[in-house]
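User: Before I rely on words such as "buried" or "in contact", I would like to see how each is reached. Please take me through the reasoning term by term.

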Amino acid sequence: MADLKKEGFTVDGVAIAPPTTYKPVFATTSTKSSKRDQGLNMHNSPMGTIGGYDLTWDVLTWEEIAAILNGMINKAEFSFHHKDPTIPGKWIDRTFYASNFNMAAQTLEDNEERWTDLAINIRRIGAI
């Protein structure tokens with residue numbers, strides 16, 4: 001097994017700063033034949049589950065935020081090297097797309113420009 005301490009987050013093979021928060025999200029889609037009956041019992045036929053992550057970073061240098069944004073903005077898809085809660089003890093690569101890029105502001109700290117509160121939602125291209 002690979003040494004987890006040497007692993008790190010990458011986008012298309014480029015190292016990025018680890019997110020401050022790393023929130024897994026999953027959504028299961030059901031077939032159109034799924035429905036509730038008159039007794040309100042659900043008859044569900046899952047098609048599949050899409051996974052993703054809501055990522056945030058508190059404070060980033062200009063170089064760090066540029067590596068993240070340039071790896072994800074305007075990309076139909078990108079490879080994301082990450083930890084997956086469904087696969088214990090192993091870092092994996094999966095294909096994602098990104099949406100909803102938000103950040104607070106640029107600040108000056110110790111004569112260096114910093115960017116704060118970056119938040120990005122990424123979702124898998126395929127089912128989990």
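Analyst: Contact here means heavy atoms within 4.5 Å. The model is a predicted one, and every statement that follows is computed from it. With that cut-off, and leaving aside neighbours within four places in sequence, Ile 120 is in contact with Tyr 53, Asp 54, Leu 55, Trp 57, Ile 68, Leu 69, Met 72, Ala 98, Ser 99, Asn 100 and Phe 101.

User: What makes up the largest nonpolar core, and which residues touch the most other members?

Analyst: A nonpolar core is a set of buried residues of the nonpolar kinds, Ile, Trp and Phe among them, joined through side-chain atoms within 4.5 Å. The largest such core holds 21 residues, of which Trp 57, Phe 80, Ile 120 and Ile 122 touch the most other members. Two or more residues of this core come from each of strand 6 (46–61), helix 1 (62–72), strand 7 (78–83), strand 8 (91–102) and strand 10.

User: Why is Ile 16 called buried or exposed, whichever it is?

Analyst: Buried means under 20% relative accessible area, and Ile 16 has a relative accessible area of 9%, so it is called buried. Ile 16 sits in the loop between strand 2 (14–15) and strand 3 (21–30). Beyond the residues up to four places away in sequence, Ile 16 touches Phe 9, Thr 10, Val 11, Trp 57, Ala 67, Ile 68 and Phe 80. For one of these partners, Ala 67, the C-alpha atom is separated from that of Ile 16 by 6.3 Å, although the two residues are 51 apart along the chain.

User: Which class does Thr 10 fall into, and how do you know?

Analyst: The relative accessible area of Thr 10 is 16%, and because the cut-off for buried is under 20%, Thr 10 counts as buried. Thr 10 belongs to strand 1 (residues 10–11). Its contacts, not counting residues up to four places away in sequence, are Ala 15, Ile 16, Ser 79, Phe 80 and His 81. Between the C-alpha atoms of Thr 10 and Gly 71, which are 61 residues apart along the chain, the separation is 9.1 Å.

User: Why is Arg 94 given the class it has, and what does it touch?

Analyst: Partly exposed covers the range between under 20% and over 50%; Arg 94, at 31% relative accessibility, therefore counts as partly exposed. Arg 94 is found in strand 8, where it touches Phe 78, Ser 79, Phe 80, His 82, Ile 87 and Arg 124, with residues up to four places away in sequence not counted. The C-alpha atoms of Arg 94 and Gly 126 are separated by 8.9 Å, with their positions 32 residues apart along the chain taken as the sequence distance.

User: What is the class of Thr 86, and where does Thr 86 lie?

Analyst: Thr 86 has 48% relative accessibility, and since exposed requires over 50%, Thr 86 counts as partly exposed. Thr 86 lies in the loop between strand 7 and strand 8. Thr 86 and Ile 128 are 9.0 Å apart, C-alpha to C-alpha, and 42 residues apart in sequence.

User: What makes the backbone at Leu 40 and Asp 117 worth pointing out?

Analyst: Leu 40 has a positive phi of about 65 degrees although it is not a glycine, and Asp 117, likewise not a glycine, has a positive phi near 60 degrees. Leu 40 lies in the loop between strand 4 (35–36) and strand 5 (42–43), whereas Asp 117 is found in strand 10 (residues 112–124). Because exposed means over 50%, Leu 40 at 63% relative accessibility counts as exposed, while Asp 117 at 44% counts as partly exposed.

User: How does the radius of gyration of the protein stand against that of a compact globule?

Analyst: A compact globule of 128 residues would have a radius of gyration near 14 Å, whereas the protein has 18 Å. Along the principal axes, the C-alpha atoms fill a box of roughly 65 × 40 × 25 Å. Of the 128 residues, 30% count as buried.

User: What is the order of elements, and what share of contacts joins residues at least 24 apart?

Analyst: The protein has 1 helix and 10 strands, which run β-β-β-β-β-β-α-β-β-β-β from the N terminus on. Among contacts between residues at least 6 apart in sequence, 63% join residues at least 24 apart.

Notes:
Residues are numbered from 1 along each chain as its sequence is written. This is a predicted model: local features need pLDDT of at least 70, side-chain atom pairs count only at pLDDT 80 or more; totals for chains, interfaces and linings use all residues. Side-chain values use heavy atoms; hydrogens and water are left out. Helices (H or I, at least four residues) and strands (E, at least two) are DSSP runs, numbered from the N terminus. The radius of gyration is taken over C-alpha atoms; the globule rule is 2.2 Å times the number of residues to the power 0.38. Buried means under 20% relative accessible area, exposed over 50%, partly exposed in between (1.4 Å probe, protein chains only).
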